[in-house]
Amino acid sequence: DQSKSLAMDMYDLNVKLFVDVNTIADTVNIMTAAVFDPYKSYYKFPVTNASLCFINIYFDLVEIERRELDTELQKSDRSDIVVQALYDSRMAKIEAMKLKYFRETERGNNQAGITKWNQVVVDKIGINNIVVFNPYGK
């Protein structure tokens, strides 16, 4: 549908996972963070409660992925090759999730899609963005 592809050109949310690996003596410490990229993110639509809900759910979904990556890294042998492979795999998963999320939620305009993804966030990290933003006036 051409109108959906045109709408997709008017917004993008870009969040990267940052992985810091420090080796001191024989100990490898790994820290991770989800980092918003303000240079590659944009939203050229009116900001509404529905769009704020949409944006915040997306950031929470990336935070869930960061936590899962962190758990995988901590359980791994922490070698450079394994860290890179786990990171690359997680970033590919995030990109696929992002496309599906954007398609299913239509920037917060699809209430069923937002409700579905919001439930993932509630189940995994206990944040209920629908309650916080009240996007549909309930």
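## Leu 61 and its contacts

When its neighbours within four places in sequence are left aside, Leu 61 is in contact with Met 97, Tyr 101, Trp 117, Val 120 and Val 121. This description concerns a predicted model, and several of the residues just named return in the sections that follow.

## The largest nonpolar core

Leu 61 belongs to the largest nonpolar core, which has 30 residues, and together with Phe 54, Ile 57, Tyr 58, Met 97 and Tyr 101 it is among those that touch the most other members. The elements that contribute two or more residues to this core are β2, α2, α3 and α4, and α2 supplies the largest share of it, with 10 residues.

## Helix α3

Helix α3 consists of 26 residues and reaches 37 Å from its first C-alpha to its last, which is close to the 38 Å expected at 1.5 Å a residue. Its buried residues are Val 83, Leu 86, Arg 90, Met 91, Ile 94, Met 97, Lys 98, Tyr 101, Phe 102 and Thr 105; two of these, Met 97 and Tyr 101, are also contacts of Leu 61. After α3 comes Glu 106, whose phi is positive, near 50°.

## Helix α4 and its buried side

Helix α4 covers residues 111-125, and its 15 residues reach 21 Å from the first C-alpha to the last, close to the 21 Å expected at 1.5 Å a residue. Which residues of α4 are buried? They are Gly 113, Ile 114, Trp 117, Asn 118, Val 121 and Ile 125. Because they cover an arc of only 125° around the axis, these residues lie on the same side of α4. An α-helix has 3.6 residues a turn, so residues three or four places apart point the same way. On the other side of α4, Ala 112 and Asp 123 are exposed, while what covers the buried residues of the helix includes α2 (49-75), α3 (80-105) and α5 (129-133).

The two ends of α4 can also be described. At its start, a side-chain oxygen of Asn 110 reaches to within 3.1 Å of the backbone nitrogen of Ala 112, and just after the helix Gly 126 takes a positive phi of about 75°.

## The β2 and β3 hairpin

Strand β2, made of residues 15-24, pairs with strand β3, made of residues 27-36, in the antiparallel sense and over 10 bridges. Within this pairing, Val 21 stands opposite Ile 30 in β3. The hairpin has 2 residues between the strands, and in it Ala 25 takes a positive phi near 55°.

## Glu 63 and Arg 66 in helix α2

Two charged residues of helix α2 deserve a separate look. Arg 66 has its place in α2, and Glu 63 lies in the same helix. Is Arg 66 buried or exposed? Arg 66 counts as buried because its relative accessibility is 15%, and Glu 63, at 18% relative accessibility, counts as buried as well; the cut-off that both satisfy is under 20%. The side chains of Glu 63 and Arg 66 are joined by a polar contact of 2.8 Å.

Leaving aside its neighbours within four places in sequence, Arg 66 is in contact with Leu 17, Thr 32, Ala 33 and Ala 34; Leu 17 falls within the residues of β2, and the other three fall within those of β3. The C-alpha atom of Arg 66 is separated by 26 Å from that of Asn 134, a residue 68 places away along the chain.

Note on methods
Residues are numbered from 1 along each chain as its sequence is written. This is a predicted model: local features need pLDDT of at least 70, side-chain atom pairs count only at pLDDT 80 or more; totals for chains, interfaces and linings use all residues. Side-chain values use heavy atoms; hydrogens and water are left out. Two strands pair if DSSP finds at least two bridges between them. Helices (H or I, at least four residues) and strands (E, at least two) are DSSP runs, numbered from the N terminus. The expected span of a helix is 1.5 Å times one less than its number of residues. Buried means under 20% relative accessible area, exposed over 50%, partly exposed in between (1.4 Å probe, protein chains only). The arc is that of the directions from the helix axis to the C-beta atoms. Contact means heavy atoms within 4.5 Å. A polar contact is a pair of N or O atoms within 3.5 Å; within protein, one must be able to donate a hydrogen and the other to accept it, and residues adjacent in sequence count only if both atoms are side-chain atoms. A nonpolar core is a set of buried Ala, Val, Leu, Ile, Met, Phe, Trp, Tyr and Cys residues joined through side-chain atoms within 4.5 Å.
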